[in-house]
Each structure stands twice: as C-alpha cells, then as structure tokens.
Amino acid sequence: MTDKRSDERRKLVSLADALFDDLIAASDEDILNEVAEAGGDATEISDHMRAKFEETVIQARKERMKAAKAGRKAVQTTPVVADVVDLSVARRALKKALKHEGLSMAARNETESDLTDEEVVRKYNDLIRLGVIDPDKDKN
Amino acid sequence: MKVVDPAERLLKSLGVTEPREIDLEDIAFDQGAEVRYCNLNGCEADILGYRDNAIISIDQNRGHRRKRFSIAHELGHWHYHRGKKLQCRVEEYQPNHKQLAERKANGYAASLLMPHYLVKPRARDHKKLTFNVIEQFSTEFNTSLSATAIRLVEADIWPCMLICHTRQGRKWFTQAPMFHNRWFPQEELDSQSSAFDAVFGQSEGDRFPQIIGADAWFDRTEARQYEVFEQAKRTGDNEALVLLTIKDNRMIEEEPERSGYKRW
C-alpha cells in the first residue's frame, strides 16, 4: 500500500517537474496565448500574483518587528542591577571613557565635569554594559 | 535618482503598514538600542552607544508624545551620527533647527513618526487642511499637534503655511513648497488676526478657518488684492499656531511682474 502511494507521488512530482520545465522553456507570448485560449485574463492573473507576492513580503517583514518585540520583552524581564560605585572612581572612569574612540554620544553635556552625581552613576553603569568601561580594571 | 528616506526605509523593512504599528521601543531594539525611562536633569533624552549597541535614556516625567518624539530623535542620531560625540538638547520640534545635526535628527524623527507613505494617502482624503484634520492625524499617529501640523503642511498637498507666534513675535514658520516663497510672513501679529486674541488674550483660537486680507500677514503691495483663510489655535501660554491657506490660486503662481503680467 505504502509503496503504491509513493510510486503515485513520484509520478505526480515528475509530471509537475515536466510542466514546470515546459513553462520555463515557453516564451512570454506562448504563455499569454495559452492563458487567452483557456479564457483567462493575463493582466488579472498577474495583478493577483503580484498582490500575493507583496502580501508575502510584508508578512515576512512583520516577522522582523515581531522578533524585535519578543527580544525586547525578553531583555526587559532580566532586571539590570546597577552597581553601587565610589563616585570618584566613576567620575575618573567616565572622564577617560568619554574620550574613547568610536563612542557615540548625543547628550546635554559632553564632559563628565558638567554631570550631576546621579548622571555620573547612570552613565558609568551604561558604559559598563556597553563594554566601554571594565569596572575591575578601573577599581585598581 | 530618488533619495530613499532612511527612516521610511526602516519602517518598510519592518512591515509597518499602519500608524499604530510604529512601536518605537521595538524599532529601537531592532536597531540595537535599548530605551530606558529615568529622571534626567535639564534634558529630555540622551543616547550613549558603542559599536552596534546603544542605550537611549528618556526623561520619564515628560508626556507620552514628547517621549515618543525624543526616542525617534535619538534614533536619528544613532542613524546619522554613530561614532560621534554631540552636544544635544532635544527641544520642541521646529522646522529648520539652527544646528545641522539636530535638524537631521529632527527630520529622521518626523519621518519615523509620520512617514509620508502613511501620511499622504490619508491626507489626500481631506480637501482642506484645518486644525480639526491636524488633530485627527495627531491622534492617529500619536504625535504632538505642532509636529503633526508641520509634517502635514510640508507634505505639499494643500497650499498652506504654518506660523507659530508668541508675544515676542513670530517664532518660526514653514510652508508647503507649492506656496510661493515670495510670501514671507510678517514678524509681528496684526491686530485684525484672530491669532492676536489667542496670543495676547484668552481666545483658544478659531473653530473654523476665517477669511482675512492677505496684507494682514504679508508686507507686499501685491498682498492687498488677495484674501487668505486663517485659523488660529492656542498651543500654550501666550503662544499660538496659525494656519494660512490661500484662497486665490494666483498667490501660488509666479510673481506677476516676473511672468510678464501687468502689475495691478
């Protein structure tokens, strides 16, 4: 029974392959003529296929947004514990880090001397998370 | 070659087809940036980034729409100014910010919050631009009234101009590109304008556009022959937005003397 089904399936696949080969080998004109002979409207079919294709593309793109949402939620569930730091250590480390090549920053103040203690702690911890500051190295 | 707007390209690549899908925290995450709300001193937002990751801090004490604008603005810096250190202060969105970097970040924010590909098809359903229409868009796109008004005026669908006035005079203005640039609004408010009461009095503005002589707004001899639609809206203490829409199409045509018409 199973062998018979497999055999039928193989034949169907072969037929589909043959039809596909024919389609690829046919010229645009031949295809349009065949569609017309079968009573179809080539423009309508192509519009329908284009719409289907666009819908598939949009759905695939939406998956990227869904992945971003899922990723963000996963990160949110991991609480970030800010280290209690010695302010003078943090200020010193921050002063050095803010000169770091490749650091992106758009902020009200460009230098650590203009920052409040709260801002120093926040940025110090952020720079640790971003991998700019190595806290173990800065403590020594 | 058509320049593709980077913010709109990003939205399209994320499959955004409706305004409600513009979730800025998810978009930020996709771009490697984490958004965090906290108390900030003296600024609304800042961004710190290194390599492909960034942390955007937003002042938690601001209104929801201001927070959205701030995230979009910082994402603009992340797109355009990666690896740079900028002194920046997120301010109320205004056209033509003095600093180029801020202007670019503001432009990116405007495109991200109100992409033309979602705004224009909806805007074309409205025959005229009024504050009622602006409020509908502001609700749908979750954006501030002034940012929405600027975006809609600059969409170049209606021949209109938007002016912000305070008691100190004109603060800023912007216009649809089709509004001929020979029309430059006056510095001071004319007492005939309903905006005068919104800025100096208690009026909340006009429910509907009113007709006023164009010379109340433009210091050009030619202005005396035209009327314009004016609608004022109080937007804060001693501040109002004014929407001017032309009534006579000759105002958006070439200057009469330049096109060879006899000057009236």
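A cavity here is a set of grid points where a 1.4 Å probe fits but cannot get out. Keep that in mind, because rolling a probe the size of a water molecule over the atoms shows where empty space is left. One caution before we start: this is a predicted model.

So, how many cavities of 30 Å³ or more does the structure hold? Two.

Take the largest cavity. Its volume is about 60 Å³. Two elements of chain B give two or more residues each to its lining: β8, residues 227-236, and β9, residues 239-246. Which of the elements gives the most? That is β8(B), with three residues. Now the names. The lining holds K128(B), L129(B) and P209(B). Then come F229(B), E230(B) and Q231(B). L243(B) and T245(B) complete the list. By class, that makes four nonpolar, two polar and two charged residues.

On to the second largest cavity. This one has about 40 Å³ of space. Look at the chain letters in its lining. From chain A we have S104(A), M105(A) and A106(A). From chain B we have I47(B), H77(B), W78(B), H81(B) and L86(B). Both chains therefore contribute, since a lining residue is one with an atom within 4 Å of a cavity point. Two elements supply at least two residues each: β1 of chain A, residues 103-107, and α3 of chain B, residues 64-80. The largest share belongs to β1(A), with three residues. What about the classes? Five residues are nonpolar, three are polar, and none is charged.

Let me stay with chain A for a moment. Its secondary structure comes to six helices and one strand. Read from the N terminus, the order is α-α-α-α-β-α-α. The chain has 140 residues, and 24% of them count as buried. It exposes about 10,300 Å². Carbon and sulfur atoms supply 55% of that area. Now contacts. Consider those in chain A between residues at least 6 apart in sequence: 57% of them join residues at least 24 apart.

One residue to find on chain A is L98(A). Look in the loop between α4, residues 87-97, and β1. Is L98(A) buried or exposed? Buried: its relative accessibility is 8%, and the cut-off for buried is under 20%. Now pick out A38(A) as well. In sequence, L98(A) and A38(A) are 60 residues apart. In space, their C-alpha atoms are 71 Å apart.

Next, aromatic rings. Over all chains, the structure holds seven aromatic pairs. I will show you two.

The first I picked is F137(B) with F141(B). The ring centres are 6.0 Å apart and the planes meet at 5°, so this pair is stacked. Where do these residues sit? Both are in helix α6 of chain B, residues 131-141. They are four residues apart, about one turn of the helix. Both are under the 20% cut-off, so both count as buried: F137(B) has a relative accessible area of 3%, and F141(B) has 1%.

The other pair is W183(B) with Y226(B). Here, too, the ring centres are 6.0 Å apart. The planes are at 75°, so the pair is edge-to-face. This pair links distant parts of the chain, 43 residues apart. W183(B) is in the loop between β6, residues 169-175, and α8, residues 194-200. Y226(B) is in the loop between β7, residues 210-213, and β8. Both W183(B) and Y226(B) are buried. They also belong to an aromatic cluster, together with F179(B) and F218(B).

Last topic: backbone angles. Two asparagines in chain B are worth finding.

Start with N142(B). Its phi is near 60°, a positive value in a residue other than glycine. It lies in the loop between α6 and α7, residues 145-154. N142(B) is partly exposed, with a relative accessible area of 23%.

Then N238(B). Which two strands does its loop connect? The loop lies between β8 and β9 of chain B. You met both strands at the largest cavity, where each gives two or more residues to the lining. N238(B) has a positive phi of about 60°, although it is not a glycine. At 30% relative accessibility, N238(B) counts as partly exposed.

To recap: two cavities of 30 Å³ or more, seven aromatic pairs, and positive phi values at N142(B) and N238(B).

Definitions and conventions:
Residues numbered from 1 in each chain as written. Chains lettered and ligands numbered in written order. Predicted model: local features only at pLDDT ≥ 70, side-chain atom pairs only at ≥ 80, totals over all residues. Heavy atoms only, no water. 1 Å grid on protein atoms, 1.4 Å probe; cavity = no way out; pocket = protein on both sides within 12 Å on 5 of 7 lines; lining within 4 Å. Points joined across faces, edges and corners; volume = space filled by probe spheres on them. Nonpolar A, V, L, I, M, F, W, Y, C, P; charged D, E, K, R; others polar. Buried < 20%, exposed > 50% of the residue type's maximum accessible area, 1.4 Å probe, protein only. Contact = heavy atoms within 4.5 Å. Areas by Shrake-Rupley, 256 points an atom, 1.4 Å probe, with all protein chains shown as cover. Phe/Tyr/Trp six-rings, centres within 6.5 Å; stacked < 30°, edge-to-face > 60°.
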